[in-house]
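This report introduces a protein model to a reader who has not met it before. The sequence and structure are shown first, and the sections that follow treat one topic each.

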Amino acid sequence: MITIALSKGRIFDETLPLLKAAGIAVREDPETSRKLILKTNRRDVRVIIVRAADVPTYVQYGAADLGVAGQDVLDEHGGQGLYRPLDLKIARCRMMVAVPNGFDYQRAVRHGARLRVATKYVQTAREHFAEKGVHVDLIKLYGSMELAPLVGLADAIVDLVSTGNTLRANNLKAVEEIAPVSARLIVNQAALKLRRSAIQPLLDAFARATA
Ligand code: ATP
Ligand code: PRP
């Protein structure tokens, strides 16, 4: 059995066509089914539905052989035990620093102000500001980061931006790009070594579908 870990929503939706190109059709829709283990048209392939941030953990421990996870999630996880053969070029966005429209970020940075930064992406933010030599107090949040500067919890946020609609709707502006983000195929390293003949054809099919 080959187990593929996906998260509900955009990762599932955008991975479906790639699975299809590899000859795999998922039999149930995670938006309507409450099932967490989904059958496919292949008796030897199943999909499990986990939270986006948990995908690398399932693959790291071998509970799933493969998974699809955003670069943001992989950077926070650290990537231990994972082989990351392929950028799937789906779920594309950018990791950005954003501040309220009236806030002079460059001036604050120049003057060596200690910034309070709210984010779900603590490792990414820590590394980014350390590289810039900017002192920050990091405040860990689990979502709705855009709210933090509006109610005085933080000066800035580090979050994903795609269309910019969420920032605009909350009177925030992006001031710095940290990294482009897309989702990668991840594979359990031991599974790839021990079951290469079963897994490699899938990797090849994904590679062809994203080329
Ligand atoms: P959860 O729903 O478990 O809290 P999440 O909100 O991070 O997790 P999704 O919103 O489905 O889960 O995001 C999954 C991945 O898609 C993210 O890890 C990121 O790589 C990418 N992503 C997030 N927001 C966007 C966006 N606005 N546009 C494109 N890709 C995005
Ligand atoms: C992500 C991210 C931003 C938003 C940016 O949230 O955390 O809030 O997308 O996208 P935009 O620039 O196109 O507005 P997501 O869509 O995952 O919202 P959710 O966490 O509520 O699912």
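## Ligand 2 and its surroundings

In this predicted model, an N or O atom in the side chain of T166 lies 2.4 Å from an oxygen atom of ligand 2. With the ligand taken on its own, its accessible area is 510 Å², and the protein covers 55% of this.

Further polar contacts involve other residues. The backbone of G164 places a polar atom 2.7 Å from an oxygen atom of ligand 2. D159 contributes through its side chain, where a polar atom is 3.1 Å from an oxygen atom of the ligand.

The residues around ligand 2 include a run in the sequence, namely D159, L160, V161, S162, T163, G164, N165 and T166. R10 and E146 also belong to the residues around this ligand.

## Ligand 1 and its surroundings

Ligand 1 has 15 residues around it, and those that come nearest are R10, R51, D72, R92 and K120. R10 is thus listed around ligand 1 and also around ligand 2.

Several polar contacts can be described for ligand 1. A polar atom in the side chain of R10 is 2.8 Å from an oxygen atom of the ligand. For K120, an N or O atom of the side chain lies 3.2 Å from an oxygen atom of ligand 1. A91 takes part through its backbone, a polar atom of which is 3.3 Å from a nitrogen atom of the ligand. Ligand 1 exposes 620 Å² when taken alone, and 74% of that is buried by the protein.

## Two domains in the chain

The domain assignment divides the chain into domain 1, made up of 2-91 + 182-210, and domain 2, which spans 93-180. In the contact between them, domain 1 supplies five residues and domain 2 supplies nine residues. The centres of the two domains, taken over C-alpha atoms, are 30 Å apart.

## The contact between the domains

About 500 Å² of area is buried between domain 1 and domain 2, and carbon and sulfur atoms give 46% of it. On the side of domain 1 that touches domain 2, the residues are one nonpolar, one polar and three charged.

What is the count of salt bridges between domain 1 and domain 2? The count is zero. Polar contact between the two domains is nevertheless present, with three residue pairs counted, both residues of each pair being at pLDDT 80 or more.

Note on methods:
Residues are numbered from 1 along each chain as its sequence is written. Chains are lettered from A and ligands numbered from 1 in the order in which they are written. This is a predicted model: local features need pLDDT of at least 70, side-chain atom pairs count only at pLDDT 80 or more; totals for chains, interfaces and linings use all residues. Side-chain values use heavy atoms; hydrogens and water are left out. Domain bounds come from an automatic or database domain assignment. Contact means heavy atoms within 4.5 Å. Buried area is the accessible area (1.4 Å probe) that two parts lose on being put together, summed over both. A salt bridge is a side-chain nitrogen of Lys or Arg within 4 Å of a carboxyl oxygen of Asp or Glu. A polar contact is a pair of N or O atoms within 3.5 Å; within protein, one must be able to donate a hydrogen and the other to accept it, and residues adjacent in sequence count only if both atoms are side-chain atoms. Ala, Val, Leu, Ile, Met, Phe, Trp, Tyr, Cys and Pro count as nonpolar, Asp, Glu, Lys and Arg as charged, and the others, Gly among them, as polar. A residue is near a molecule or strand if one of its heavy atoms lies within 4 Å of it. Accessible areas come from the Shrake-Rupley method with a 1.4 Å probe; for residues, only the protein chains shown count as cover.
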